[in-house]
Amino acid sequence: MLINDREYNKFMENISLSKFILIHGQDRGKVNEKSLEIIKKLHHLNQNSLEIIYFDPDEFYKSENYFYDLVYQKSFFSKLTLIKINLDLFKTEKDILQALENLDINKANYIIIESKYLSKNSLITNLFKKNNACALITCYQETNVKQSIIKYLKLYSLSLDDFSISYLIERFGNDTLITK
């Protein structure tokens with residue numbers, strides 16, 4: 001299911017309904033931010049009992065069962081297991097697509113997949129759009145860099161004059177990862 005900006009807060013309130021989440025976009029900083037927000041929310045909902053496993057694509061290519069072992073394993077030490085996958089590290093998205101299509105969502109652990117921008121007719125985005133148990137979040141590039149700079153200045157309790165802010169606006173691109 002496609003989650004747009006207007007629906008994002010409602011999605012976060014009902015995060016436990018979406019076990020598979022794909023976050024993609026040209027703005028890698030926003031992709032990271034959204035991913036961290038989701039992880040923090042899941043962490044909070046499970047009384048700080050969340051195990052995060054970073055998926056290793058090299059192991060995936062070595063063993064067909066690696067993916068399924070991770071997705072279906074239960075943790076001894078935490079209530080919830082989350083698998084974090086960086087799709088950019090795969091040779092092609094088709095490699096992971098077939099594995100995702102064959103998963104039993106009810107028995108699987110939570111999965112967050114991060115990626116650079118994927119086209120609207122990408123096979124993996126289509127899979128996430130058509131399935132209500134999946135969430136597709138697109139992160140568009142920042143159009144107002146000044147707002148991002150001011151947001152981070154407030155976040156870190158910093159202040160700058162207008163000239164310095166203008167200088168930063170000229171130097172930074174529109175990727176919040178760089179701005180941050």
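Two strands are taken to pair if DSSP finds at least two bridges between them. On this basis, the predicted model contains an open sheet of six strands, in which the order is β1-β6-β2-β5-β4-β3 and the pairing is parallel. The edges of the sheet are formed by β1 (2-3) and β3 (50-54), each of which has a single partner strand, so that one side of each is left without a neighbour in the sheet. At one of these edges, β1 is joined in the parallel sense to β6 over two bridges, and leucine 2 stands opposite leucine 136 in β6.

The protein chain as a whole has nine helices in addition to its six strands, and its C-alpha atoms fill a box of roughly 55 × 35 × 30 Å along the principal axes. Of its 180 residues, 45% count as buried. Among the contacts with a separation of 6 or more, 80% come from residues that are 24 or more positions apart. The chain exposes about 10,800 Å², of which carbon and sulfur atoms supply 50%.

Within the sheet, strand β5 has β2 and β4 as its neighbours in the strand order. Five bridges join β5 to β2, the two strands running parallel, and in this pairing isoleucine 113 of β5 is the bridge partner of leucine 22. Strand β4 (residues 80-86) likewise pairs with β5 in the parallel sense over five bridges, with asparagine 86 standing opposite glutamate 114 in β5. Between these two strands the chain passes from β4 through α5 to β5, and this β-α-β crossover is right-handed.

In a regular strand the side chains alternate between the two faces of the sheet. In β5 both faces are covered, since Tyr110, Ile112 and Glu114 on one side and Ile111, Ile113 and Ser115 on the other are all buried; accordingly, six of the six residues of this strand are buried.

Helices lie across several of the strands. Helix α4 (residues 65-72) lies across β3, β4 and β5 and runs at about 145 degrees to β4, whereas α6 lies across β2, β5 and β6 and runs at about 130 degrees to β2. The buried residues of helix α6 (residues 123-130) are Ile124, Thr125, Leu127 and Phe128. When α6 is seen down its axis, these buried residues fall within an arc of 155 degrees, and they therefore line one face of the helix. The elements that cover them include the strands β2 (20-24), β5 (110-115) and β6 (134-138), together with α5 (93-101).

Methods:
Residues are numbered from 1 along each chain as its sequence is written. This is a predicted model: local features need pLDDT of at least 70, side-chain atom pairs count only at pLDDT 80 or more; totals for chains, interfaces and linings use all residues. Side-chain values use heavy atoms; hydrogens and water are left out. Buried means under 20% relative accessible area, exposed over 50%, partly exposed in between (1.4 Å probe, protein chains only). Helices (H or I, at least four residues) and strands (E, at least two) are DSSP runs, numbered from the N terminus. The arc is that of the directions from the helix axis to the C-beta atoms. Contact means heavy atoms within 4.5 Å. A crossover is right-handed if, with the strands pointing away from the viewer, the path from the first strand over the helix to the second runs clockwise. Accessible areas come from the Shrake-Rupley method with a 1.4 Å probe; for residues, only the protein chains shown count as cover. Axes are lines fitted to C-alpha atoms, for helices over the stretch in contact, and angles run from 0 to 180 degrees between N-to-C directions.
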